[in-house]
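Trainee: Could you walk me through this one? I'd like to begin with how the protein meets the DNA.
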2 protein chains.
Amino acid sequence: MTDRVRVAPARRRGLAGEVADRIRDAIFSGAYPPGAQLREVELSGELDVSRGPVREALLLLEREGLVRSAWHRGATVTRFAPEDIAELDSLRDVLEQLAVRRVIAHAAPEDLAAIDAAVERMDRAGSEHEMVRCDIAFHDAVYAAARHRRLLEAWQAIRSQVHLFLLTRTGLSSADYLAHVAKEHRGLAAALRARDTRRALALFADHRRHAFDALSDTGDGTDGPPAYEP
Amino acid sequence: MTDRVRVAPARRRGLAGEVADRIRDAIFSGAYPPGAQLREVELSGELDVSRGPVREALLLLEREGLVRSAWHRGATVTRFAPEDIAELDSLRDVLEQLAVRRVIAHAAPEDLAAIDAAVERMDRAGSEHEMVRCDIAFHDAVYAAARHRRLLEAWQAIRSQVHLFLLTRTGLSSADYLAHVAKEHRGLAAALRARDTRRALALFADHRRHAFDALSDTGDGTDGPPAYEP
DNA sequence: CAATGTCCTAATGTTAACATTCAGACAATG
DNA sequence: CATTGTCTGAATGTTAACATTAGGACATTG
């Protein structure tokens with residue numbers, strides 16, 4: 001019945017998917033900084049496709065929160081204010097808690113193996129850019145292991161924003177930073193494998209705090225620190 | 001009463017938004033039952049627009065989870081299996097917890113007034129269809145009061161699915177059921193107004209359980225009851 | 001008779017031309 | 001000199017024709 005265990009069978013996604021990938025990469029590479037206008041004719045000329053797929057791709061990117069668009073005013077790369085960062089943090093918080101619980105409750109061995117593989121790949125990350133990609137890939141693996149389609153979609157709706165945030169957060173010393181991040185993720189994977197819910201939740205919370213504390217101040221008077229006490 | 005109380009400013013969304021509204025209503029009305037094919041030419045003929053806006057509207061509806069589409073295979077109305085219902089329940093769980101905390105932490109008086117207004121409107125609900133609309137509108141107000149853009153978007157990504165589920169869940173005796181639901185929501189609003197986090201979380205959890213317990217069994221061997229114990 | 005290969009049709013994917021709308025420049029006016 | 005009104009140009013929104021593909025019907029063959 002539900003033997004569709006293929007995680008990524010969407011090999012052929014059509015032109016729009018390809019276009020979305022290329023635009024996303026262009027944004028990550030800094031070619032289109034936050035606030036920049038994404039003109040349809042410009043993009044269609046650059047990517048050598050017509051405006052149809054470009055239009056569809058922009059809708060896809062809007063779904064990911066990378067792009068904001070208004071009627072007859074076109075699309076622009078999303079700009080992140082301090083409150084946006086706080087929003088990403090708090091939403092990631094609850095989503096990841098659910099993900100961790102689901103992974104521990106019922107994850108297949110192959111899912112845990114995929115998570116471990118993602119951790120292993122971190123050791124070979126040379127640049128900070130690459131490490132961010134690995135970081136995101138690790139969390140992808142966790143959400144995939146949760147086996148919760150709508151949770152995965154909710155993560156994908158903020159995934160690229162988190163990616164962009166981690167990139168623009170001009171970084172720490174890349175020397176021991178890379179090693180530190182890798183070690184941290186090893187701990188996350190170990191907690192999941194041990195099915196230690198309490199420890200896993202705590203470690204994931206620490207991990208998020210480390211990522212978001214890179215900002216000197218959140219500057220959000222209404223929100224305060226990203227801490228939630230029951 | 002005020003007819004056009006547009007909370008969000010009457011943003012011009014273009015034809016695609018209108019088309020999406022009409023298709024969504026058609027799905028809710030049962031014109032397109034779950035699993036039905038949504039053919040672009042058929043829709044464009046029926047709604048008297050060309051295929052462009054229809055195509056864009058289908059992407060919008062896919063974002064809401066009302067529609068699934070595959071490459072060169074078109075779009076179909078989403079079919080809900082028991083595991084889908086469980087997914088909606090568990091995701092709603094964590095999203096609403098965050099929403100409740102945010103509302104209690106920092107909601108403007110006008111937000112609370114809007115929630116109360118939504119509750120009042122429930123008393124005038126005649127049919128079950130209308131009550132479901134009011135129910136969704138109440139939760140809309142709660143998420144709006146949370147003042148958390150991405151949380152609102154996450155809710156909107158499952159909102160229509162919850163709406164459809166509440167409709168297809170062929171219902172209880174509409175006589176005292178309507179009164180019961182209205183009373184329940186009055187309690188939710190009161191807890192929010194009293195800023196009683198503990199009580200609000202408990203009541204919201206009960207509310208979800210009541211909605212989802214209408215099904216005799218979840219039939220999901222892997223998930224069990226929608227209970228999460230720390 | 002079952003299996004398989006080819007063809008055909010009906011749908012979606014893509015393109016390019018046409019219509020509409022917004023934002024800024026520039027001039028006229030108080 | 002500030003303000004307002006119109007105008008223009010460039011972008012998006014919309015439409016219709018063209019190309020491509022998936023799935024099934026039918027005949028062929030072992």
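Trainee: Which helices supply at least two residues each of the surface near DNA strand C?
Mentor: Helix 1 (14-28) and helix 3 of chain A do, together with helix 2 (40-47) and helix 3 of chain B; helices here are DSSP runs of H or I with at least four residues, numbered from the N terminus, and a residue is near a strand if one of its heavy atoms lies within 4 Å of it. This is a predicted model, in which local features need pLDDT of at least 70 and side-chain atom pairs count only at pLDDT 80 or more, while totals for chains, interfaces and linings use all residues. Residues are numbered from 1 along each chain as its sequence is written, chains are lettered from A and ligands numbered from 1 in the order in which they are written, and side-chain values use heavy atoms, with hydrogens and water left out.

Trainee: Which helix gives the largest share there?
Mentor: Helix 3 of chain A, with three residues.

Trainee: And which residues come nearest to strand C?
Mentor: Of the 19 residues around DNA strand C, the nearest are A:L15, A:H72, A:R73, B:R51 and B:R55, and sugar and phosphate make up 73% of the atoms of that strand that come within 4 Å of the protein.

Trainee: What do A:H72 and A:R73 touch on strand C?
Mentor: A side-chain N or O atom of A:H72 is 3.1 Å from a sugar or linking oxygen, and a polar side-chain atom of A:R73 lies 2.8 Å from a phosphate oxygen.

Trainee: OK, strand D now. Which part of DNA strand D is 2.8 Å from the side chain of A:R51?
Mentor: A base nitrogen of DNA strand D is at that distance from an N or O atom of the A:R51 side chain, whereas A:E40 has a backbone N or O atom 3.1 Å from a phosphate oxygen of the strand. B:L15 also uses a backbone N or O atom, which lies 2.8 Å from a phosphate oxygen of DNA strand D.

Trainee: Which helix gives the most to the surface near strand D?
Mentor: Helix 3 of chain B does, with three residues.

Trainee: Switching topic, what does B:F138 contact?
Mentor: Leaving aside neighbours within four places in sequence, B:F138 is in contact (heavy atoms within 4.5 Å) with eight residues listed by name, among them B:I115, B:M122, B:L188 and B:F204.

Trainee: Last one: how do strands 2 and 3 of chain B pair?
Mentor: Strand 2 (residues 67-70) and strand 3 (residues 74-77) of chain B pair in the antiparallel sense over four bridges, where strands are DSSP runs of E with at least two residues and pairing requires at least two bridges found by DSSP. In their hairpin, which has three residues between the strands, B:H72 takes a positive phi near 60 degrees.

Note on methods: A polar contact is a pair of N or O atoms within 3.5 Å; within protein, one must be able to donate a hydrogen and the other to accept it, and residues adjacent in sequence count only if both atoms are side-chain atoms.
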